[in-house]
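Dear colleague,

I am handing over the structure we spoke about, and below it you will find my notes on what was found in it. Please read them with the coordinates open beside you.

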Amino acid sequence: MSGQAVPRYRQIVDELRRQIETGELAPGDRVPSTREITKQWGVAMATATKVLTELRREGMVHAVPGVGTVVEAPSRRVRNARPTAAPRPEGPPDASSGQVALTLERIVVAAVTVADTEGLAAVSMRRVAAELGVATMSLYRHVADKDDLLMRMMDTAIAEHPLPADPPAGWREAIELAARQLWDLFRRHPWLAPALSVTRPQMITSALPYSEWMLGTLHAHGLDLHSAFTAHLMLLNYARGIAVNLEAEREAEAHSGLDSEEWMDTQEPALLAILATGRFPALSRLAMTGYDFDLDAVFEFGLQRLLDGLAPLVNESSAG
């Protein structure tokens, strides 16, 4: 009916579509995340989720892991648009309908995509169901609960990038390879590091090859199994400890609307005022020359120093 009020989610969809069509949001630009939508328009998370789902259905946007939801190129919008589909009823899929059957793999992939683009906090059974166009309760046919889903998400993310079949001959080269690949995993999936626990390790099958690689490499070069495993935990937690900043930074950016450099710019006047007192001469000299903060460089610097410290122990054990 003409007098019927336009749903709130539709109003937001129309506004974002306008911004895209006028070029205010250009192809490749990141559109507001669900959290930003809830903050900017004062709506519930479910409404924000519906907004992005609708824009993806129309082919206006697409998800980019590690970046977020971005504007689709005009030439791809019609091609990538998805037809409207009502949530599939409970029960087995109708083969004659052409619908893709709901599977555990599809559920996990959808959940990983949400976590990659908007953070782990955005993952819920309702949100994943909305991504798949199914009823929320249908997910429980395949996963017990959100904790079960998270375990499967971690297993899938790690399994995507297995270690090579043949490790380098040298212990240091082999450890570097595994540590850098783990860092790359955390880079690809910013939610993965905070989801992993060192004190209460989860039984993630795809993570066991990393433990075996580290343990086998160091033990083969003379370390006893206990020392080798302790070294493995040290390196794992080092990479994880730096990587937790990735998800934290994404959350901070979503709440503040500022990236790390923009936020640092807002802090500069207060910092310079403190340094002007002359109490911190070393920091003052650093501020004058500038410092290019790069998490990848920090990770690599620390990795090399840890391996430098481990080398005498390995060499002594090998010699013995």
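How many of the eight residues of helix α2 (residues 34–41) are buried? Before the answer, please keep in mind that this is a predicted model. Six of the eight are buried, so helix α2 is largely enclosed by the rest of the structure. The buried residues in question are Thr-34, Arg-35, Glu-36, Ile-37, Thr-38 and Trp-41, and the buried part of α2 packs against α1 (8–21), α3 (45–57), α5, α6 and α11. After the helix comes Gly-42, which has a positive phi, near 65°.

Turning to the nonpolar interior, the largest nonpolar core has 58 residues, and those with the most contacts inside it are Val-128, Leu-149, Met-153, Trp-191 and Leu-218. At least two residues of this core are supplied by each of α5 (104–118), α6 (125–132), α7 (146–159), α8 (171–188), α9 (192–195), α10 (208–220), α11 (225–256) and α14. The largest share, nine residues, comes from α8. If you would like one residue from which to explore this core, Val-128 touches Ile-107, Ala-110, Ala-111, Val-123, Leu-139 and Leu-149, when residues up to four places away in sequence are not counted. Apart from this core lies another, of 17 residues, among them Leu-16, Ile-20, Ile-37 and Met-60; Ile-37 is also one of the buried residues of α2.

Some polar and charged side chains are buried as well, and I would look at Asp-116 among them. Asp-116 lies in helix α5 and counts as buried because its relative accessibility is 3%, where the cut-off for buried is under 20%. The side chain of Asp-116 makes a polar contact of 2.7 Å with the side chain of His-189, and another polar contact, also listed at 2.7 Å, with the side chain of Trp-191, a residue that is among those with the most contacts inside the largest core. Asp-116 and Arg-187 are 71 residues apart along the chain, and their C-alpha atoms are separated by 10.0 Å.

Glu-72 is a second case, this time in a loop, the one between β2 (68–71) and α4 (74–80). With a relative accessible area of 3%, Glu-72 is buried, and the side chain of Glu-72 is joined to that of His-62 by a polar contact of 3.4 Å.

As for salt bridges, the structure holds 19 of them. In one, the side chains of Arg-127 and Glu-131 meet at 3.3 Å, N to O; these two residues are four apart in helix α6 and therefore separated by about one helical turn, and both are buried. In another, Arg-188 pairs with Asp-184, with the closest N and O atoms 2.8 Å apart, and both residues lie in helix α8, four residues and about one turn of the helix from each other. Here the partners are partly exposed, Arg-188 at 38% relative accessibility and Asp-184 at 33%.

A further salt bridge, between Asp-308 and Arg-305, has its closest N and O atoms 3.0 Å apart. Asp-308 and Arg-305 are three residues apart in helix α14, so about one helical turn separates them; Asp-308 is partly exposed at 35% relative accessibility, and Arg-305 is partly exposed with a relative accessible area of 41%. There is also a network of salt bridges that links Arg-10, Asp-14, Arg-17, Glu-54, Arg-57 and Glu-58.

Finally, on the outside, which residues make up a nonpolar surface patch of about 460 Å²? The patch is made by Leu-283, Leu-286, Tyr-291 and Phe-293. Of these, Tyr-291 lies in the loop between α13 (281–289) and α14 (295–319), and Tyr-291 counts as exposed because its relative accessible area is 58%, the cut-off for exposed being over 50%.

With best regards

How values were computed: Residues are numbered from 1 along each chain as its sequence is written. This is a predicted model: local features need pLDDT of at least 70, side-chain atom pairs count only at pLDDT 80 or more; totals for chains, interfaces and linings use all residues. Side-chain values use heavy atoms; hydrogens and water are left out. Patches are made of residues with over 30% relative accessible area and no salt bridge: like charges are joined within 9 Å, nonpolar side chains (Val, Leu, Ile, Met, Phe, Trp, Tyr) within 5 Å. Accessible areas come from the Shrake-Rupley method with a 1.4 Å probe; for residues, only the protein chains shown count as cover. A salt bridge is a side-chain nitrogen of Lys or Arg within 4 Å of a carboxyl oxygen of Asp or Glu. Buried means under 20% relative accessible area, exposed over 50%, partly exposed in between (1.4 Å probe, protein chains only). A nonpolar core is a set of buried Ala, Val, Leu, Ile, Met, Phe, Trp, Tyr and Cys residues joined through side-chain atoms within 4.5 Å. Contact means heavy atoms within 4.5 Å. A polar contact is a pair of N or O atoms within 3.5 Å; within protein, one must be able to donate a hydrogen and the other to accept it, and residues adjacent in sequence count only if both atoms are side-chain atoms.
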